[in-house]
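This report introduces a protein structure through its cysteines and its aromatic rings. Please keep the sequence and the three-dimensional view at hand while reading.

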Amino acid sequence: MANKKIMNDKSLKFLENYLNNASPTGYEWEGQKIWMEYLKPYVDEFITDTYGTAVGVINPKAEYKVVIEGHSDEISWYVNYITDNGLIYVIRNGGSDHQIAPSKVVHIHTKKGIVKGVFGWPAIHTRSNEKEESPKLENIFVDIGAKDKEEVEKMGVHVGCVITYPDEFFIMNKDKFVCRAIDNRAGGFMIAEVARLLHENKQKLPFGLYITNSVQEEIGLRGAEMITHTIKPNVAIVTDVCHDTSTPMIDKKKQGHTEIGKGPVISYAPAVQNKLRELIIDTAEEKKIPFQRMASSRYTGTDTDAFAYSNGGVASALISLPLRYMHTTVEMVHKQDVENVIRLIYETLLKIKENENFSYFK
Ligand SMILES: [Zn+2]
């Protein structure tokens, strides 16, 4: 496994298609279809729930259940208010960044299809140099080229339509993946690759494996909260993204020090079950997979919390993919880290014993 190439042309093509499809929080199903289509040959069956979470299951009859999880949604905006002269004010759907909005092209999702728009911004010439206004939720607006509110409505745009960015996947300098929504489409990709490798290497697991792509993480871990009660797992290994803190204007004393290219990031937090985390660290050391450490006070802020604090307590851990420029349209990760997260989850699964309860008292 260690010397074997992880990603192939087919998986890279899947990653590209999966990323280029918009999957805003609450509207994840088209992305879930792409994901399930790729995962299909490697699982026995699928579970889907009312809000769109999708789970590929290996050994569905097994009593002991292990989840590997990522989230399928991406941050977006909602149309909130349309002015009489046809401009659109927005509110967040997830942690969308007001600072990057001006001059971005947007896609408004309507029943009639995509309507293109732009976040407008006053020209540099017209602004006061004494007091520069910075972009904030109250002053950013979308222009779709309509003369008034009536024309906006005729174009199919109404309050409640969701707005995404059209930015697409590309590879920069051979091994950096760049796109919007790598948070957390990379997670869905990596757990799908784990399933593919288990299948291709003919690994038989002694437990049920639930490859889970949760919806609605970006607005508060809601998809994971729902699906954990459906699955009732014994173990959950969650993967999400974390910050590369080596780029400008980030305080390492506050944010810690993690970087792209230096390996998966393993979390220390109350929601992380210590014995499960040590199993992951032992695995990384034994298999010579590089890794970094991160500490969280109180919450991890990821689906780990939702799994950990459900069903009377589920042994949970978090393996993160370091990423630059989170919640911008140019999120960036290192290909090697993607492969090493896949390897680390894969190798850890092979070490989990059936009925392991990770008790501190034995
Ligand atoms: Zn996010």
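The sections below treat the cysteines, then the aromatic pairs, and then the charged side chains over rings.

**Cysteines**

The structure is a predicted model. A search of the whole structure finds 0 disulfides. A disulfide is a covalent bond between the sulfur atoms of two cysteines. For Cys179, the closest cysteine sulfur belongs to Cys242 and lies 18 Å away, which is too far for a bond, because a disulfide requires the two sulfur atoms to be within 2.5 Å. Cys242 likewise takes part in no disulfide, its nearest cysteine sulfur being that of Cys179 at 18 Å. Cys179 is buried, with a relative accessible area of 1%. Cys242 is also buried, and its relative accessible area is 3%.

**Aromatic pairs**

The count of aromatic pairs in the model comes to 12. Two of these pairs are set out in the table.

| Pair | Distance between ring centres | Angle between planes | Arrangement |
|---|---|---|---|
| Phe14 and Tyr18 | 5.4 Å | 15° | stacked |
| Phe119 and Tyr165 | 6.4 Å | 45° | tilted |

The planes of Phe14 and Tyr18 stand at 15°, so this pair is stacked, since planes under 30 degrees apart count as such. Both residues belong to helix H1 (residues 9–20), where they are 4 residues apart and thus separated by about one helical turn. Phe14 is buried at 5% relative accessibility, and Tyr18 is buried at 1%. Phe14 and Tyr18 also belong to one aromatic cluster, together with Tyr38, Tyr42 and Phe189.

The pair of Phe119 and Tyr165 is tilted, with 45° between the planes. This pair links distant parts of the chain, its two residues being 46 residues apart. Phe119 lies in strand E7 (residues 113–120), whereas Tyr165 lies in the loop between strand E9 (162–164) and strand E10 (170–172). Both Phe119 and Tyr165 are buried.

**Charged side chains over rings**

Which residue lies over the face of Tyr18? Arg185 does so, at 5.5 Å from the ring centre. Tyr18 is therefore a member of the stacked pair with Phe14 and also has Arg185 over its face. Lys104 lies over the face of Tyr165, at 5.7 Å from the ring centre. Tyr165 is the ring that forms the tilted pair with Phe119.

Conventions: Residues are numbered from 1 along each chain as its sequence is written. This is a predicted model: local features need pLDDT of at least 70, side-chain atom pairs count only at pLDDT 80 or more; totals for chains, interfaces and linings use all residues. Side-chain values use heavy atoms; hydrogens and water are left out. Buried means under 20% relative accessible area, exposed over 50%, partly exposed in between (1.4 Å probe, protein chains only). Rings of Phe, Tyr and Trp (its six-membered ring) pair if their centres lie within 6.5 Å; planes under 30 degrees apart count as stacked, over 60 as edge-to-face and the rest as tilted. A charge sits over a ring if NZ of Lys or CZ of Arg is within 6 Å of the ring centre and within 35 degrees of the ring normal.
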